Amino acid sequence: MANEQLMRFLAHSLELESEAHERYLELADAMAGHYNQPVADFFTRMASEAELHMAEVSKLAAGMALPQLKAWEFDWPEAEPPETASFEALHYRMSLRQAIALALGHERAAEKFYRKAAESSSDSDTARIAGEFADEEHSHATELERMLAAVPDNGAQLREDDDEPHMPE
């Protein structure tokens, strides 16, 4: 029988990846709706990565009765899971560079979350798996850093709107 600490950790991991998957799909849909296809494609790719991680966690949790935590029972460092991209950071004219930088920040936050779980766990299985997850997030961040270095830095002006907002009198 699996231990409580491991099951709670896997429940957190599953929720983290599920939320990231859902949010990236929402962001991709929003960008596609604004004809910002390169950014939509990038967010779709990030959603696929999160989906692969969900499958990984589900496989590890096979046969375990993970706790069914309520939203307020999750122990996140912020209001949302660390890998969940913020709607506030989104802009319909955001560049691919800005999208990659956004995702990079969330990969680093997920790595930090998993690293802390590994270091603070008193259970060796939980510590080992959390460490592996942290290493995986680190490798994703490294890949995003490589992508970021290859994309031109031309995004600042993209956030400017062509027209002032129309405000009825």
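## A tour of the helices

Helices α2 and α4 are roughly antiparallel to each other, because the angle between them falls in that class (over 145 degrees). This is a predicted model, in which local features need pLDDT of at least 70 and side-chain atom pairs count only at pLDDT 80 or more, while totals for chains, interfaces and linings use all residues. Residues are numbered from 1 along each chain as its sequence is written, and side-chain values use heavy atoms, with hydrogens and water left out.

Select residues 37-60, helix α2, together with residues 124-150, helix α4: their axes, lines fitted to C-alpha atoms over the stretch in contact, come within 13 Å and cross at roughly 165°, on a scale from 0 to 180 degrees between N-to-C directions. Now show the side chains where the two helices meet (contact means heavy atoms within 4.5 Å): among them are Phe-42, Met-46 and Leu-60 in α2, and Ile-129, Phe-133 and Met-147 in α4. The residues of this contact divide into eight nonpolar, two polar and six charged.

Next, add residues 96-120, helix α3, which packs against α4 at an angle of about 160°, with the axes 8 Å apart. That makes α3 roughly antiparallel to α4, and the residues of their contact divide into 16 nonpolar, three polar and eight charged.

Finally, select the whole protein, which has four helices and zero strands, taken from DSSP runs (H or I, at least four residues, for helices; E, at least two, for strands). Of its 169 residues, 42% count as buried, meaning under 20% relative accessible area with a 1.4 Å probe and protein chains only.

Notes. Parallel < 35°, antiparallel > 145°, perpendicular 65-115°, else oblique. Nonpolar A, V, L, I, M, F, W, Y, C, P; charged D, E, K, R; others polar. Buried < 20%, exposed > 50% of the residue type's maximum accessible area, 1.4 Å probe, protein only.
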